[in-house]
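User: Could you take me through this structure and explain the words that you use for it as we go?

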Amino acid sequence: MSDMKATTKDVKRLATLARVDVDDADLTRFATEFDSILAYVGKLDELTLPESGRNLSVVRNVLRADEAPYESGTWTQRIVEQFPAKEGNSLSVKKIINHD
Amino acid sequence: MTKSLNELSITEAARGLRSKEFTVRELWDACATAAKERNPELNAFLELFEADDVAIESAQKRIDGGEAPLLCGIPLAMKDNILIEGRIASAASKILANYRATYDATGVKKLKEQGALFIGRANMDEFGMGASTENSAFGPSRNPHDITRVPGGSSGGSAVAVAAHMVLGAYGTDTGGSCRQPASHTGVVGFKPTYGAVSRSGLIALGSSLDQMGEIAKTPEDAKILFDAVRGQDPLDATTFAPGTYPAFEIPKSFRIGVPHHLLEDGIDEDVKENLNATLKSLESLGHTVVPISLPTSVFALPVYYIIQPAEASVNLARYDGVRYGLAERGDSLLADYVKTRAEGFGEEPKRRILLGTFVLSSGYIDAYYRKADQARGVLRAEYDAAFESCDVIAFPTTPSPAFKFGEKSDPVSMYLEDIFTVTANLTGMPAISVPMGNVERDGVLLPTGIHFTAPLGADDLLFKIGALVTGETL
């Protein structure tokens, strides 16, 4: 995997997936940098994992009671104040479905 | 020589407040004045807070009443990614420049209850991504030992605030070394607790399986006070653990200090290595033993980290889209709103890591990168566990070199290499500390270096003790 070369097309596609705009100058630079970053992290290729090493992550499940942790409305005002656009206590967003 | 009040350690100040040598107000004023004077040059703080008269008076009353916790009335710095209700918490990013915290981080809540005071919010690399504060959207902090050099990062502002005596102690966050590395570069103590020892509720997330609220202090004893004040299980963070989760550790009279010599052969400045050897020798002369250990998978730790961390960061940063809070740029569709907001709001390094994280998680690459890195993480932890059978703590330098000059590490990989020794503790979840181990000279200026110790999971207290042995304190 370490011999992979990133192209500006690859970076553009990643940017689309990540919902971020990257201008053309940055695309070229990021593609070059990605080559050196991927060459570095690609060293991991050289690591042979022991069979026993495949399931070593420690996971424990944490549950809480299915109940309201605080009284409804406690945080409303503070959260609403942060909304960039609102109507009353409702958050305004653009229409998602277009019919045209 | 008498110290100014702002130059005191927390321990010294707590004693002075109780013996009525000075008041909480005088202590606050000394720190606030120093912060105001030095901040234009050092840029440790993105904002300095006005004195909170009510909090100052109430802290004084509690101290006079004789039942105050140690941090009562002590001025502290809080990294800009830790939420204080009603205050801006921007993570040094344009995308959150106008975000006011709607609640207190659990750590902040505990500190307020104990009567601690906050001087201001400390500068950092944007979202904690960086090792120099050069990635702050609001200009870098400067190293008080040499202002042409970086203070380290990402909690660089917190470290500078402590090193330049603008506060008595500070909190940061540590995802890959972000408290320990700047502490090493500024000559103070930096601590990263066992993962889950301190709540992450109210921390602006970077890499959720790696992040911990960390402490930066003038002494190991102060670091312990700061840690004790915020530790504990929290229903708001399911990864915090209950007492008794990890085996109990007794603090040994004589430490067995494991040293992985094979990791120290290349890439470390000679004089940094000399400081390390001298520090280990002096510990040996106190009756402690140095044990050679082997951690073969450690050479893969940094590649593993720079897969897992961008992966988690790309997911955590997906929430910043201009819809509910923060920067809100508008385009001609909802999608355009997201894309524009994120393009405008994120700096270069967050964009780089979002793209990298998106790549290592994308179908076709997730097995080779993310899943393999996750498995390697398990191997690393098992290797450390095995090493701890023959030693109590593991030692190496915190960084291979002292603080570097601004702009010196402009390509990403060279900056990532700053974290080579510190990331493993985040990957394994183990607690770690950086303690000053003497200076080295660069361009005629003396710059601090740090020795780094790692302890087994849950054995955080061992680190304050070994740290105090290095600095020659009693603890």
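User: What makes a residue count towards the contact of chain B and chain A, and how many residues does the contact take from each chain?

Analyst: Two residues are in contact if their C-beta atoms, placed from the backbone, lie within 7 Å, and the contact takes 47 residues from chain B and 37 residues from chain A. This is a predicted model, in which local features need pLDDT of at least 70 and side-chain atom pairs count only at pLDDT 80 or more, while totals for chains, interfaces and linings use all residues. Residues are numbered from 1 along each chain as its sequence is written, with chains lettered from A in the order in which they are written.

User: Which element gives the most to the side of chain B that touches chain A?

Analyst: That is α12(B), with 11 residues; helices here are DSSP runs of H or I with at least four residues, and strands are runs of E with at least two, numbered from the N terminus.

User: Why are β1 and β8 of chain B called edge strands?

Analyst: Two strands pair if DSSP finds at least two bridges between them. The open sheet of chain B has 11 strands with mixed pairing, and β1 (45–48) and β8 (289–292) of chain B each pair on one side only, so by the definition of pairing each is an edge strand.

User: How do you know that β4 and β6 of chain B pair?

Analyst: At least two bridges are needed, and 6 bridges join β4 (residues 169–174) to β6 (residues 212–217) of chain B, which run antiparallel, so the two strands pair. Within this pairing, Gly169(B) stands opposite Ala217(B) in β6(B).
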